[in-house]
Amino acid sequence: MKFLTLLKKELRELLSLTTILTLIGSVVLLIAIGGVMDSAVEEAASSEGEIVICNKDDGAFSDAVIESLKTAGYEVKEVELTDGDYAPQLSDLEVESVVIIPETFSSSITDVLAGKLGEDGKIAPVDVEYVSKMTSLSAMSNVDAGSQMALSAIESAVKSVVYANKNMSLAEIELIEAPVNLIETTVVGEKQAEASSMLLSSYSMMTGMIVPIVIFVLIVYSSQMIMNAVSTEKIDKTLETLLTAPVSRLSVLMAKMVAATVVSALFAVAFMVGFNNMMGGMTDMVSGEIDSAVISELGLNMTTGAYVLLGLQMFMSLLITLAVSLILGALAKDAKSSQTLMMPIMGMAMVPYMLSMFVSINDMGPAKWIMYAIPYTHTFIAQENVIFGNMPLYFGGLIYQAILLVICMTIAVRLFMSDKLFTITFNFGEKKNKYAKKKSLFSK
Amino acid sequence: MAKVLEVKELSKQYKKGVYAANKVSFDIEEGEIFALIGPNGAGKTTTIRMISTLLQATEGDAVVAGHSILTDPKGVRECITYLPDEAGAYKTMTGKQYLEFMAGIFANDKNTAKQYVQNATEMCGLGDRLSDKIGSYSRGMIRKLLLSRAVMSRPKLAILDEPTSGLDIINALEIRRMIKELAAKYGMSFLLSSHNMLEIEFVSDRVGIIAKGRLLELGRPNELKIKHNVGNLEEVFERVVKDNEISDLA
Ligand SMILES: Nc1ncnc2c1ncn2[C@@H]1O[C@H](COP(=O)(O)OP(=O)(O)O)[C@@H](O)[C@H]1O
Ligand SMILES: [Mg+2]
């Protein structure tokens with residue numbers, strides 16, 4: 001009964017109104033991000049067919065090219081631009097990019113058709129200018145690849161105009177325009193599917209970025225939560241009161257651990273739900289280009305089993321974080337030292353987090369063993385391990401974490417069962433011995 | 001009269017060779033208010049924490065109502081309550097929630113817990129403020145809440161470390177009055193500590209003077225004043241410390 005009283009109190013402390021609001025807020029945020037991505041995709045798709053053209057050429061060929069762009073299904077918007085400063089003009093026109101067909105356009109095509117060569121004895125290519133605005137550093141916003149699209153659209157328009165002048169049949173034109181059809185097969189682990197590896201890797205890069213963020217936030221947040229709760233008890237001396245009360249010290253410790261675990265599990269589940277929703281938005285983003293069946297055929301999507309394995313890893317990391325934070329929080333002498341004591345946990349989460357975003361830790365050579373020694377690494381690479389079927393590595397990491405957890409728990413129990421809790425303190429940033437000073441004042 | 005606490009040559013070394021408490025011995029009888037007095041760093045809190053089973057004694061023993069801190073710390077905890085110096089309470093709880101939580105820890109059944117909460121509610125004098133968050137309490141209010149918590153189970157021995165330090169005169173007076181009343185009414189014993197030697201005269205039946213970990217003098221305030229032929233406990237302390245330095249040199 002007393003354990004329940006303790007547990008209830010711990011839960012109430014951890015699940016304060018602000019915590020619950022944070023939790024709900026994060027989930028809503030994740031879902032909202034998914035929604036934003038969804039609509040970003042739609043927007044990109046809707047503007048896909050539009051080309052803004054400034055036609056400075058008054059020859060017949062530029063009109064023919066624009067005409068053939070229109071027949072090819074593009075929506076062509078013609079604007080006027082003057083030479084020089086493009087930035088204010090783009091803003092005034094409210095367009096992101098403009099294709100400029102120069103004055104010499106028709107005459108150079110006429111030259112080519114007449115077999116006229118340039119000064120270097122080769123056919124002079126036809127110039128087309130492309131002006132676009134870079135609006136953000138986010139890869140997603142710049143992903144619409146306007147220049148590529150404009151170039152290839154105009155290229156094929158020029159080609160068909162030229163071929164039409166040469167009296168070629170439609171079939172001949174088609175063969176010349178696309179002489180080779182590339183059938184790409186991508187192999188993932190032991191599975192394979194017909195899909196472009198470039199598209200797939202951009203898909204997995206996006207999805208691979210989200211999980212580490214969630215893990216990192218979760219580790220830092222729960223660590224801070226426990227550390228605050230325990231160090232406040234220590235600083236307010238409510239812990240001393242509890243430990244002189246007629247309850248066993250083990251139940252005081254266990255109530256803290258169980259409550260922290262429950263709250264963290266709640267967080268993990270909530271984050272996963274939000275995350276999953278967000279992934280829904282992400283998948284829609286690429287589904288225009290890759291068949292989502294292909295993604296699941298390759299096992300690149302997160303199946304239920306993969307979610308369970310990833311969740312298990314996250315939970316393990318959380319338990320270790322909780323045990324370590326509990327120990328560090330109990331040893332903190334004031335709020336400032338408890339902040340300082342958080343640094344090693346932050347560091348241990350930060351290093352594998354940053355690294356896993358840019359490199360594959362499993363391919364790092366001997367240095368990877370240093371990374372494997374950091375318990376959080378295994379959580380950051382869990383998704384990769386599960387998707388690519390590195391199960392020995394996944395379970396090896398899990399066992400390593402389990403061993404670390406047992407060690408941390410043993411230390412925590414030892415700490416609470418002895419008087420070390422009151423004799424060892426980490427005391428950063430404060431004058432060392434305030435007693436010594438007062439003593440010397442007194443003996444004067 | 002029955003002894004509630006017997007402290008027998010209790011010593012503590014945080015570092016080897018340095019005694020924070022050095023063979024401290026004293027007794028407390030039933031219904032008695034005993035105060036350890038001495039300057040900061042004298043070893044009061046160290047001694048108190050050993051008796052409260054928070055710290056392990058390096059040498060010596062203390063027996064609370066027949067339970068030794070060495071062999072039966074659990075039994076000791078059944079008989080005592082402890083109020084740490086400069087203690088706070090859970091800021092996000094209301095005063096009432098705090099009392100209910102602590103009662104749930106100390107009592108073995110619901111009715112007893114209810115009784116404890118009622119005891120504390122009557123004593124603390126906080127009235128309606130009990131339903132406010134502790135975070136909004138003043139120092140004096142927190143101390144009164146914690147003191148009534150410490151005595152709500154009517155323990156055989158209540159251990160209060162610096163119960164009035166940092167309080168204004170009115171609050172300190174109220175706290176001292178509460179302590180005296182409880183000892184008289186319920187026969188509870190108190191172990192107090194203070195570095196303010198003047199105020200402790202008014203509340204304690206007997207005092208022990210402690211400096212540099214050693215208990216130098218024991219007795220009733222009046223007897224000590226007569227013995228050393230001085231007007232107050234501060235002067236008693238000065239004499240005792242000087243006499244000891246001389247005997248140390250000899
Ligand atoms: N946790 C600790 N570790 C090491 N030394 C300590 C610790 N707590 C107290 N001390 C030392 O023990 C001596 C007695 O301290 P304390 O019992 O707190 O004195 P008081 O309560 O009388 O002011 C002081 O010299 C103090 O520096
Ligand atoms: Mg003290």
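Start with both chains on screen: about 3000 Å² is buried between chain A and chain B, and carbon and sulfur atoms give 62% of that area. Keep in mind throughout the tour that this is a predicted model.

**Stop 1: the two faces**

Select the residues in contact across the interface. You should have 29 residues from chain A and 34 residues from chain B. Now pick out Thr244(A), Pro246(A) and Asp419(A), which supply 19% of the area that chain A buries against chain B, more than any other three residues.

**Stop 2: polar links across the interface**

Show the side chains here and look for charged partners. The rule finds four salt bridges between chain A and chain B. For one of them, zoom in on Asp236(A) and Lys91(B), whose closest N and O atoms are 2.9 Å apart. Widening the view to polar contacts in general, the count is twelve residue pairs between the two chains, with both residues of each pair at pLDDT 80 or more.

**Stop 3: the chain A side by element**

Switch to cartoon and colour four helices of chain A: α1 (2-14), α9 (238-243), α18 and α19 each bring at least two residues to the side that touches chain B. Which of the elements gives the most to this side? Helix α1(A) does, with six residues. Colour that side by residue class and you get eleven nonpolar, six polar and twelve charged residues.

**Stop 4: ligand 1**

Next, centre on ligand 1, which lies between chains A and B. Select its surroundings to bring up 14 residues, of which Gly41(B), Gly43(B), Lys44(B), Thr45(B) and Thr46(B) come nearest. By class, the shell holds six nonpolar, six polar and two charged residues.

Now trace a few individual contacts, beginning with the oxygen atoms of the ligand. One distance to display runs from a ligand oxygen to a polar backbone atom of Lys44(B), at 2.8 Å. Another runs from a ligand oxygen to a polar backbone atom of Ala42(B), at 3.1 Å. For a nitrogen atom of the ligand, go to Tyr14(B), where an N or O atom of the side chain is 3.4 Å away.

Turn on surfaces to see the cover: ligand 1 has 560 Å² of accessible area on its own, and the protein covers 78% of it.

**Stop 5: the elements around the ligand**

Finish by returning to the cartoon. The elements giving two or more residues to the ligand shell are α18 (420-423) and α19 (434-443) of chain A, along with α1 (44-51) of chain B. Highlight α1(B) last, since this helix gives the most to the shell, with three residues.

Technical notes
Residues numbered from 1 in each chain as written. Chains lettered and ligands numbered in written order. Predicted model: local features only at pLDDT ≥ 70, side-chain atom pairs only at ≥ 80, totals over all residues. Heavy atoms only, no water. Near = heavy atom within 4 Å. Polar contact = N/O pair within 3.5 Å; in protein donor to acceptor, adjacent residues only side chain to side chain. Areas by Shrake-Rupley, 256 points an atom, 1.4 Å probe, with all protein chains shown as cover. Nonpolar A, V, L, I, M, F, W, Y, C, P; charged D, E, K, R; others polar. Contact = heavy atoms within 4.5 Å. Buried area = accessible area lost by both parts, 1.4 Å probe.
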